[in-house]
Amino acid sequence: MYTINKIASILNADSKIAAGDCVIEQLLTDSRRLIFPSTTLFFALVTQRRDAHNYIGEMHERGVRSFVVQYSFDTTPFAEANFIFTDDTLAALQTLAAYHRKQFQYPVIAITGSNGKTIVKEWLYQLLSPDYNIVRSPRSYNSQLGVALSVWQMNADNNLAIFEAGISMPGEMERLENIIQPTTGILTNIGSAHNENFVSAAQKTEEKCKLFKHCETVIADGDNSSVVEIIRKNSKANIITWGDNENNTIQIFSRLESEGKVVIELKYNKAIHQFHIPFADEASVQNIETCIAVLLHLNIPARTINERLQALQPVDMRLQLIPAINNCALINDSYSFDTASFAVALDFMQQQNQFTHKTVILSDAPGANNGAYADIIFMLKARNVSSAIVIGTQWKNYFPFLKEAINDVYYYASTNEFLNQFSTSFFRSQVILLKGARRFGFENIAAMLQQKVHRTVMEINLTAVIHNVNEYRKMLKPGVKIMAMVKASGYGSGSAEIANVLQYHKVDYLAVAYADEGVELRRANIRLPIMIMNVDEEAFEQVIQYNLEPEIYSIGILKKFDAFLNRQGLQYYPVHIKIDTGMHRLGFGKDELDDLIEILKTGNRLVVKSVFSHLVASEDAAEDAFSFKQADRLEKTFSKLQAALDYSFIKHISNSAASIRLPQLQFDMIRLGIGLYGIDSSNSHVLSLQPAVTLKTTVAQLRKLEAGDTVGYNRRGKINIDSIIATLRIGYADGFRRALSNSVGKVFIRGKYAPVVGSVAMDMTMVDVTNIDDIEEGDEVEIFGNNIGINEVAKSCNTIPYEILTGISSRVKRIYIEE
């Protein structure tokens, strides 16, 4: 434990301490993740997107009394709080973490590389847990911030630490090495990630290898001799290499694949061993070979390694939000259980504001002590969890304390006991977090709770959505707000789910097309201001009842809404004024401005929140002159309205494309729509957007056909040579359009493209898989996503990405992913 006085001394920093004996146990940089206020030290980080000094008042109200801030921060309003002053709050956090690391003498393994860091870390955790009490990075905490927070978890109960370290540019690894101070280093493969920030692949490898500067041992693939030489250049460590070359410390003679598994034969210390790997894909085999090298180095017997390999489980680093029975939603995070990842899962559950009732199903936490269980119980109470179901013999000891924290609790000795005794009718209209160690078999609970639908799914990656928002944020001028368009059910992705994550990440405004969409969001506990783009007289009551903000686009609708407010006795109701600058769809024309101003100035029923317009061709460089003409018309109208009214309001015209192509038109706010989902409608390639939506299905049947056979309705699919045809569980009723028939469209299976054969049917589509090896019924098929872009599908259908996204049927299950 550290007192705030001790931390000020460690940081050698100026301070203003009101209570020097205040004990600090938690370090926090994200105000949304506060759990233990009295023992938390909040670091006010300053980034391109956010200045956390702005949240100190909120944190103080919630009970935090210790802060690390920049010198310029005014502490006057917080007389009873503790403040430590620094020029760089992130550097201060890293300095504290490095000091904390020095307090422990047990081995520390550090993993770096372009790919495989997290998988190797998690598999090492599974393989070594019987021998060690391990502290490790939560999920993919490998950044300048994540590493410091990971190292802070080290304590005297552990006897091994495993951390991952990632860099994106030169100069970063020295700081991470100083924090982790590893005794053993692991280098996974070197790929293309972040290449743009390095002069060459060699430079990137050299930067990564700086992690090994003081290591005693480094483990790496030895078949790449240039990489091994770079390691030698940066470290005096004993290098253990594995690979096919006979010069490796561990020489692999063979890899034989059979029935989805691989048997490898290798030589180590003059002995020959066989290891049975329960996966067959190349990446998994390579990652497990790295793990085997580590275990052999640690003198784990080959027989023991083989036994543990058979129990190795796939690592899913994604939180999935899945439709569940009885109008519930299920968050499935059941691959492992530790307090760090549990906190992350609870935060994700807290984002689901569409549910007021929140239930958590927990297993025992393997290796956890009394303090860890106390933390778990406190986290459940602090997050206002409604119900808790605990499973496992360890929980019996802590159940009385759990009952004191939460009223509605249940205990079961085993997963089978829960499955045999518990009724699914208990779960209605709630979000359920499933969090358990792998050996408890919580996948059986997940199968019981999941809503049964056909196997075509649309995955929406919420992490990618927020990444894309932040990519746009980086390009915005200071103070420019973001309005996110979640109309048309979030472009087919689900309005409430998308709105929740946008609200959590502090988007300023939401916009929907119709009042009932806004009502749905309010019922889902969305608190952000919501603009309604198409409002009519029948919707006025809903607008008022749910505190929605209507777009006013004509004198007629303005008079009707003004009269409605008058009848209700309401004042200062927020509205958004749309100006027609050239679209000629909706909006006030130049000749209506005087009447508009007269009504707005009469009485005090209406208050203008924004004045805006809609660009006609923001993505088209040939029409830029007209775009600037539209902006000029909006500015003149805005100035006239601003002069007539005695208060300020927001001006906006830019959509996703314009905000990047025409930055001078960002004004006070931009409206993000299709860009949220990783589609660059501007074709500027300035942003590093990530595809956020993937449509997937599976192979229902494989059939061998001979030359001359036909496929599908009206015999439109002609088979010219002997072929293998796969029938997929998707058709035009799901949103896979008939325009993709007869080789116009294609899908992605097992790393290859397969063209559509014949006509797309209502529920089924046939594709030619003759040239795809090892294909099996049940294989996953990508319709669009990382390998086939939505833009490409839209082009094949002679339409636009908007129509493809919004055309995905509601019968297709939506699964929400957070990395």
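Let's start with contacts. Of the contacts in this protein with a separation of 6 or more, 65% join residues 24 or more positions apart. Bear in mind that this is a predicted model.

Next, the overall build. The protein has 26 helices and 40 strands. Its radius of gyration is 29 Å, and the globule rule gives 28 Å for 819 residues, so the protein is as compact as a globular protein of that length. Along the principal axes, the C-alpha atoms fill a box of roughly 90 × 85 × 60 Å.

Now, inside. How much of the protein is buried? Buried residues are 56% of the 819. In soluble globular proteins, nonpolar side chains tend to be buried together. Here, the largest nonpolar core has 163 residues. Ile 361, Leu 502 and Phe 561 have the most contacts inside that core. Which helix gives the most to it? Helix α11, residues 339-350, with seven residues. Another core lies apart from this one. That second core has 49 residues, including Ile 7, Leu 45, Val 135 and Ala 165.

Let me zoom in on Leu 502. What does Leu 502 touch, leaving out residues up to four places away in sequence? Val 465, Ile 466 and Val 469 are among its partners. So are Ala 484 and Val 486. Val 507, Leu 510 and Leu 676 complete the list.

Last, the outside. The protein exposes about 34,800 Å². Carbon and sulfur atoms supply 46% of that area. On charge, there are 81 positive and 90 negative. The mean positions of the two sets are 1 Å apart.

Note on methods. Residues numbered from 1 in each chain as written. Predicted model: local features only at pLDDT ≥ 70, side-chain atom pairs only at ≥ 80, totals over all residues. Heavy atoms only, no water. Core = buried A, V, L, I, M, F, W, Y, C linked by side-chain atoms within 4.5 Å. Buried < 20%, exposed > 50% of the residue type's maximum accessible area, 1.4 Å probe, protein only. Helix = DSSP H or I, 4+ residues; strand = E, 2+ residues; numbered from the N terminus. Contact = heavy atoms within 4.5 Å. Rg over C-alpha atoms; globule rule 2.2 N^0.38 Å. Areas by Shrake-Rupley, 256 points an atom, 1.4 Å probe, with all protein chains shown as cover. Lys, Arg positive; Asp, Glu negative; His and termini not counted. Charge placed at Lys NZ, Arg CZ, Asp CG, Glu CD.
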